[in-house]
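Me: I would like a close look at one part of this model, described in terms that I can check against the coordinates. Please begin with the pairing of two neighbouring strands and work outward from there.

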Amino acid sequence: MLSEGGSFVKGMALGAVFSLTLAILGSFSPRAQSVSEENHHHHHHVQAASKDELKRLSDPEAQELNYQVRVYCVIMVQPKTLVHWAAAVDTWSKHCDKAVFYTSESSKALEAVDLNEKDDWARLQKALKHAYENAGDLRWFFIAQPTTFAIIENLKYLLLTKDPGEPFYIGNAVKSGELDYVAYDSGIALSYEALKRLVQVFQDQDKCPQTRQGLWLLSEDKQLAVCLRYTGVFAENGEDMHGKGLFNSKSVETLIKESMKNNPSKVVEGCCSDMAVTFGGMSPNQMQVMMYGVYRLRSFGHDFYDWLTFDPPEGSEND
């Protein structure tokens, strides 16, 4: 009897574990099959326009694109990242058409929207809702951490010929099991349509809970991808015309060191794209150096002839 009772208990335990595993997998994998075909927008790779494409634009077309491709920057900060926060305020965020810093709690030193929320995922949801409701006529959104350095003009170049009325979710696309997501530490670009769908699914707690649940808590970027998949929006890798990635999770210094080791004869080519959009893991000093190299350093007598110029935001302290 004792042996039979032990087998019964073991069977119950194994059944419980199996049921729990199915529940976890079910909650993790969105019901992609339920997404209708008209909402299924799956590019995988998004490349910047070629110079030949830009040459074919008339002056009025170029001016119209310049006006349309404007970016609302959503920069997530906390008081403990105050030094990085201050560096982002003083450097690349000046080039956003609208830059808003969102914090877990207010700081007397720097201006930000106080979301009064400790949970990272819940705070990101609140920030994106606020951005959507206060975007005005801006139709592109860029989400960044305070350790990210972004070259907004290169982001605009990538998005130049893309329709914000389509659901774009772009950055450094990474695969984790069956889930494709855009890495948070490299920056995330969303079109207006993608953000609109995201804000709508935020209201469905079954598909997109406000707080992370389960035994294995997903990071914010993975949770974002799960919620977007329910709406038919999928992660896409941002690339230049040669297929090289534009969103980097590492700093320029780290990428160059790696290239010197792995590609000693072609260090620059092995490092990064000429039109890179982001670099991650940057220190405040590295951000200041990047500002100098990207926006201030010039070689006398050498002109760059670009077919389109992105004007700085009106009234900004743009470098």
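In which sense do β7 and β10 pair, and over how many bridges?

Reply: β7 and β10 pair in the antiparallel sense, over three bridges. The model is predicted, so local features are described only at pLDDT of at least 70 and side-chain atom pairs only at pLDDT 80 or more, whereas totals for chains, interfaces and linings use all residues. Residues are numbered from 1 along each chain as its sequence is written, and side-chain values use heavy atoms, with hydrogens and water left out. Helices (H or I, at least four residues) and strands (E, at least two) are DSSP runs numbered from the N terminus, and two strands count as paired if DSSP finds at least two bridges between them.

Within this pairing, Y169 stands opposite L190 in β10. On its other side, β7 (residues 169–171) pairs with β11 (residues 236–239) in the parallel sense, over two bridges, and I170 has E236 of β11 as its bridge partner. β10, for its part, also pairs with β5 (residues 140–144), in the antiparallel sense and over four bridges; here W140 is matched with S191. These strands belong to an open, mixed sheet of eight, in the order β1-β11-β7-β10-β5-β2-β3-β4. Its edges are β1 (45–47) and β4 (113–114), each of which pairs on one side only.

The side chains of β10 point in two directions: I188 and L190 one way, A189 and S191 the other. All four are buried, a term that means under 20% relative accessible area, with exposed meaning over 50% and partly exposed in between (1.4 Å probe, protein chains only).

Helix α8 (residues 220–229) lies across β7 and β10 (188–191), at about 150° to β7. Contact here means heavy atoms within 4.5 Å; axes are lines fitted to C-alpha atoms, for helices over the stretch in contact, and angles run from 0 to 180 degrees between N-to-C directions.

α8 is also joined to a loop by a disulfide, defined as a pair of cysteine sulfur atoms within 2.5 Å. The sulfur atoms of C208 and C227 are 2.0 Å apart. Because C208 lies in the loop between α7 (192–201) and α8, while C227 lies in helix α8, the pair ties together parts that are 19 residues apart in sequence. The torsion about its S-S bond is about 90°, so this disulfide is right-handed. C208 counts as buried, at 0% relative accessibility, and C227 is likewise buried, with a relative accessible area of 0%.

A second disulfide reaches the sheet itself. It joins C73 to C96, with sulfur atoms 2.0 Å apart. C73 lies in strand β2 (residues 71–77) and C96 in the loop between α4 and β3 (98–103), so the bond ties together parts that are 23 residues apart in sequence. Its S-S torsion is about -90°, so the disulfide between C73 and C96 is left-handed. C73 is buried at 0% relative accessibility, and C96 is buried at 4%.

The search of the whole structure finds three disulfides. The remaining pair is C271 and C272, with sulfur atoms 2.1 Å apart; C271 is buried at 14% relative accessibility and C272 at 12%. With bonded cysteines counted along the chain, the disulfides follow the pattern 1-2, 3-4, 5-6.
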